[in-house]
Amino acid sequence: MPFRTSSSDAVKGVPGFFSPKEACDLTGARYPAAPLGLITVAAMLPESWEVRLINRNTELLTEEDFAWSDMVMTGGMLPQRNDALHIIDTCRAKSKPVVVGGPDVTSSPPVYKAANFQVLGEAEEIMGDFISAWRSGVREGVFEAPMGKTDVTKSPLPRFDLLKLDQYLHVGIQFSRGCSFSCEFCDIIELYGRVPRTKTTGQVMAELDALYALGYRGHVDFVDDNLIGNKKALRKFLPDLKRWQDEKRFPFEFSTEASINLADDAELLKDLADSNFFAVFVGIESPDTDTLVMTQKKQNTRRSLQQSIETIHGAGIFVNAGFIVGFDSEKGSVAPGMIECIEDTSIPVCMVGLLYALPTTQLTRRLLAEGRLFLDDGQTQSGDQCTAGLNFQTSRPRRDVLDDYRTVLRTIYEPTAYFGRVRRLGRMLKRKRAHRMIKGDLRSFFRLLFRIHRAGPGTAGQFWRMLVDCAVHNPKALPYVVMTSALYLHLGPFARQVVGEIDQEIAGLDQGHWRAPPLREKPAEMALQPA
């Protein structure tokens with residue numbers, strides 16, 4: 001009888017800016033992104049093992065699934081922790097061996113001690129050890145890869161065949177791992193190293209070929225934490241990607257994440273646009289220079305953010321951005337400056353979060369040494385950074401930080417402000433290639449027209465004004481402003497929900513109901529160090 005393993009994507013029920021359910025509904029999708037990590041791990045398992053993928057975002061994990069499997073494999077990132085732990089507890093109750101891996105267990109192994117097996121770090125070079133141990137009868141263990149050392153050219157072709165592709169807005173592939181920057185609050189450099197490692201061109205093309213052969217068309221996301229971390233390798237790769245797209249008549253549109261210095265390289269921007277990249281996520285974090293210097297994000301200080309974003313838009317690639325409230329270096333209210341930055345750069349989709357000290361980061365180590373890190377990491381009740389941030393004693397009064405946060409959210413996601421930015425984006429976005437219509441695009445557009453009024457009072461009027469403006473001034477940008485408008489079906493109501501929750505937290509502070517959680521004790525080695 002073949003060995004059977006059920007891979008469960010433990011990410012169910014997590015709210016946030018990255019989970020736009022309403023936008024998924026427009027297209028008939030069930031969740032934005034496919035679980036690339038699990039289907040990559042599935043490709044590392046013996047061919048004789050039967051594998052069943054159960055995505056907790058899109059389908060139920062049933063009793064029949066448990067009965068079918070000999071082993072359950074799960075894991076994920078910090079926002080997925082609660083559901084991963086639930087799956088582990090369920091497996092234990094059913095005496096079903098469970099294996100857990102991914103970034104969160106790698107950062108916080110003790111949290112996952114109930115699992116039979118922990119796979120820590122990148123799995124490519126240690127899965128063989130796990131499989132050998134299992135076959136020899138071992139039923140408990142920890143397998144750990146050295147951080148940032150795995151040869152990604154050994155990473156297998158992900159099992160895209162396990163996906164129900166119509167359930168997702170986009171599918172991910174990976175070109176590189178690691179980031180060359182050293183941002184204090186980021187755990188990417190701790191998990192994957194400061195030297196970006198890249199796959200071969202042949203590997204990536206095989207992944208695109210596999211998706212194409214399965215009939216997939218449309219949005220493909222390069223999930224790299226900084227696509228331009230290794231510019232030399234990327235420059236070598238992009239002409240082959242452009243050639244592949246040409247040969248296949250451009251079946252895919254790409255998005256990715258990159259640092260703001262992408263704007264400094266006109267040739268690289270052109271190559272990305274020619275390969276049909278249409279969107280990039282950029283971590284701006286704060287417009288305040290002191291904050292950027294303190295957090296070691298100096299690459300954002302050597303430029304005009306407005307000019308940099310305009311340059312990227314002018315290349316035909318629109319920017320989504322991340323901002324963070326709660327840094328120690330904040331002096332007085334940061335809301336006006338952040339709102340001004342967002343408006344000046346005309347970035348519609350801004351993921352604004354409260355600072356969270358992630359495990360293993362420089363920030364966490366500093367706060368721990370300073371005796372300011374809470375014992376409760378804030379993930380017990382919520383896996384969302386919007387409401388679970390500030391897991392430490394803030395340098396500014398906590399109320400002031402929360403007030404700034406709600407002011408930013410309330411302002412930038414007011415319909416007039418949001419669609420004003422979309423309108424300006426529509427004029428700036430210089431797309432060289434027309435959007436390729438795929439099945440369901442028109443249906444999704446008409447659904448948007450019927451639902452846009454549900455996103456709040458005044459939304460429909462602002463949407464129509466923006467749409468007409470784009471049709472008159474830059475019709476090639478229409479598909480992308482429509483895409484950005486669809487996201488507002490989630491972003492507008494979600495921002496108001498978060499503001500309501502922050503209102504309650506501030507009321508609790510004002511009424512004296514909030515008490516700071518206990519602080520974590522310094523490890524002995526820190527206590528012995530001189531101040």
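# Patches, strands and salt bridges

Student: What do M437, L442, F446 and F450 form on the surface?

Tutor: They form a nonpolar patch, with about 480 Å² of accessible area together. Areas come from the Shrake-Rupley method with a 1.4 Å probe, and for residues only the protein chains shown count as cover. Patch residues have over 30% relative accessible area and no salt bridge; nonpolar side chains (Val, Leu, Ile, Met, Phe, Trp, Tyr) are joined within 5 Å, like charges within 9 Å. This is a predicted model: local features need pLDDT of at least 70, side-chain atom pairs count only at pLDDT 80 or more, and totals for chains, interfaces and linings use all residues. Residues are numbered from 1 along each chain as its sequence is written, and side-chain values use heavy atoms, without hydrogens and water.

Student: Why is F450 called exposed?

Tutor: Its relative accessible area is 64%. Exposed means over 50%, buried under 20%, and partly exposed in between (1.4 Å probe, protein chains only). So F450 counts as exposed. F450 sits in helix α18, residues 441–451. Helices (H or I, at least four residues) and strands (E, at least two) are DSSP runs, numbered from the N terminus.

Student: And why is G37 called partly exposed?

Tutor: G37 has a relative accessible area of 48%. That value falls between the two cut-offs, so G37 is partly exposed. G37 belongs to helix α2, residues 36–42. Its C-alpha atom is 7.9 Å from that of G102, although the two are 65 residues apart along the chain.

Student: What makes R52 and D65 a salt bridge?

Tutor: Their closest N and O atoms are 2.8 Å apart. A salt bridge needs a side-chain nitrogen of Lys or Arg within 4 Å of a carboxyl oxygen of Asp or Glu. So the pair qualifies. R52 lies in strand β3 (50–55) and D65 in helix α3 (63–68), so the bridge ties together parts 13 residues apart in sequence. D65 is buried at 6% relative accessibility, while R52 is partly exposed at 22%.

Student: How many salt bridges does a search of the whole structure find?

Tutor: It finds 39. One of them pairs D83 with R56, at 2.8 Å from N to O. D83 is in helix α4 (81–93) and R56 in the loop between β3 and α3, 27 residues apart. Both D83 and R56 are buried.

Student: How do you know that R177 and E124 are bridged?

Tutor: Their closest N and O atoms are 2.4 Å apart, which is within the 4 Å limit. R177 is in strand β9 (176–177) and E124 in the loop between β6 and α6, so the bridge ties together parts 53 residues apart in sequence. R177 is buried at 9%, and E124 is buried at 14%. Elsewhere, E184, D328, R366, E370 and R372 are joined into one network by salt bridges that share partners.

Student: What is the order of the open sheet of seven strands?

Tutor: The order is β2-β8-β11-β12-β13-β14-β15, with parallel pairing. β2 (31–33) and β15 (350–354) are the edge strands, because each has a single partner strand and one side without a neighbour in the sheet. The twist averages 20° from one strand to the next.

Student: What makes β8 and β11 a pair?

Tutor: Three bridges join them in the parallel sense. Two strands pair if DSSP finds at least two bridges. So β8 and β11 pass. I173 has F222 in β11 as its bridge partner. β13 and β14 pair over six bridges, with V280 opposite V319. β14 and β15 pair over five, with V325 opposite L354.

Student: Why is β14 called largely enclosed?

Tutor: Eight of its eight residues are buried, so the rest of the structure largely encloses it. Both faces are covered: F318, N320, G322 and I324 on one side, V319, A321, F323 and V325 on the other. Helix α13 (335–345) lies across β13, β14 and β15, at about 175° to β14. Such angles run from 0 to 180 degrees between N-to-C directions, with axes fitted to C-alpha atoms, for helices over the stretch in contact.

Student: What makes H170 buried?

Tutor: Its relative accessible area is 16%, under the 20% cut-off. H170 is in strand β8. It touches P32, A33, A34, Y216, H219 and D221, leaving aside residues up to four places away in sequence. Contact means heavy atoms within 4.5 Å.
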